[in-house]
Amino acid sequence: MSDWDTVTILRKKPPKASALKTEQAVNAARRQGLPVDTQQKFGAGTNKQHVTTKNTAKLDRETEELRHEKIPLDLGKLIMQGRQAKGMSQKDLATKICEKPQIVNDYEAGRGIPNNIVLGKIERAIGIKLRGKERGQPLQPPGGQK
C-alpha cells in the first residue's frame, strides 16, 4: 500500500449533547448496557408563561355562585349612543381605540367583561363618561375644571 491509500484521523470530535439525546442514541446506549437517565421536563416545549389556577377554571365554568361580571346593558346603550352621535361605526370606534371590532360589539350588547383600560379608551373616543357617579355626562377635557 502506498501513502496515498491510507487515511490518518488526527482527532475525532465527541458527539454533541443534542445528538446524545436522540432516540437513536438512547437506544444504542441501552443496547450497550450503559446507564440511561431520562427525564421529562414539566411544560417543556410549550410557550406558556402562566399556569391557570383553580379559580380561573371555576370562572370558566360559570356556576351560579361564581361567574364573570358583564357590562350592564345601560352602559352598552351609552356606548352605542355616543358612538352614533359621533357618526362612527363599531369598526371605526374599534380602530380608534386600537381594539378588535368584536370587543366593541360585545360591550354594546352587554356580553363583554368590563376592562377599565378599554372603557377609558372608549370614554376618550366618544367623549362621554362611562364609569363612576357621572355616567352618561360629557367627558371634561383634562385640566378643563377651573
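This is a short walk through a predicted model of a single chain, going from its overall make-up to its core, its helix contacts and a few loop positions.

Let me start with the chain as a whole, which contains seven helices and zero strands, so that reading along the sequence gives the pattern α-α-α-α-α-α-α. Of the 146 residues in the chain, 19% are buried, and if we take the contacts between residues at least 6 apart in sequence, 44% of them join residues at least 24 apart.

Now to the interior. The largest nonpolar core has 17 residues, and those with the most contacts inside it are Leu93, Ile97, Tyr107, Ile122, Ile126 and Leu130. At least two residues of this core come from each of α4 (73–85), α5 (90–96), α6 (101–109) and α7 (116–126), with α7 giving the largest share, namely five residues. I would pick out Leu130 from that list, since once we set aside residues up to four places away in sequence, Leu130 still touches Leu75, Leu78, Ile79, Leu119, Ile122, Glu123 and Arg135.

Let me turn to how the helices pack, beginning with α4 and α6. The axes of α4 and α6 are 6 Å apart and the packing angle is about 125°, and because an angle over 115 but not over 145 degrees falls outside the parallel, antiparallel and perpendicular classes, the two helices are oblique to each other. On the α4 side the contact is made by Leu73, Gly76, Ile79, Met80 and Arg83, and on the α6 side by Tyr107, Glu108 and Ala109. Sorted by character, the residues of this contact are five nonpolar, one polar and two charged.

The second pair is α4 with α7, whose axes come within 9 Å and cross at roughly 35°, and here α4 passes α7 in a left-handed crossing. In this pair Leu75, Leu78, Ile79, Gly82 and Arg83 of α4 meet Leu119, Ile122 and Ile126 of α7, and the residues involved divide into six nonpolar, one polar and one charged. Ile79 and Arg83 of α4 take part in the contact with α6, and Ile79 and Arg83 also appear in the contact with α7.

Staying with α6 for a moment, which of its residues are buried? They are Val104, Asp106, Tyr107 and Glu108, and what covers them includes α4, α5 and α7. Directly after α6 comes Gly110, which has a positive phi, near 80°.

That brings me to the backbone in the loops. Most residues other than glycine have a negative phi. Cys98, which sits in the loop between α5 and α6, is a residue other than glycine whose phi is nevertheless positive, near 60°. Is Cys98 buried or exposed? Its relative accessible area is 66%, which is over the 50% cut-off, and therefore Cys98 counts as exposed.

Finally, I would like to look at Lys86, in the loop between α4 and α5. The C-alpha atoms of Lys86 and Gly127 are separated by 9.0 Å, although these two residues are 41 residues apart along the chain. Leaving out neighbours within four places in sequence, Lys86 is in contact with Ala125 and Ile126, and Ile126 is one of the residues with the most contacts inside the largest nonpolar core.

How values were computed
Residues are numbered from 1 along each chain as its sequence is written. This is a predicted model: local features need pLDDT of at least 70, side-chain atom pairs count only at pLDDT 80 or more; totals for chains, interfaces and linings use all residues. Side-chain values use heavy atoms; hydrogens and water are left out. A nonpolar core is a set of buried Ala, Val, Leu, Ile, Met, Phe, Trp, Tyr and Cys residues joined through side-chain atoms within 4.5 Å. Buried means under 20% relative accessible area, exposed over 50%, partly exposed in between (1.4 Å probe, protein chains only). Helices (H or I, at least four residues) and strands (E, at least two) are DSSP runs, numbered from the N terminus. Contact means heavy atoms within 4.5 Å. Axes are lines fitted to C-alpha atoms, for helices over the stretch in contact, and angles run from 0 to 180 degrees between N-to-C directions. Angles under 35 degrees count as roughly parallel, over 145 as roughly antiparallel, 65 to 115 as roughly perpendicular and the rest as oblique. Ala, Val, Leu, Ile, Met, Phe, Trp, Tyr, Cys and Pro count as nonpolar, Asp, Glu, Lys and Arg as charged, and the others, Gly among them, as polar. A crossing is left-handed if the near helix is turned anticlockwise from the far one by less than a right angle, and right-handed if clockwise.
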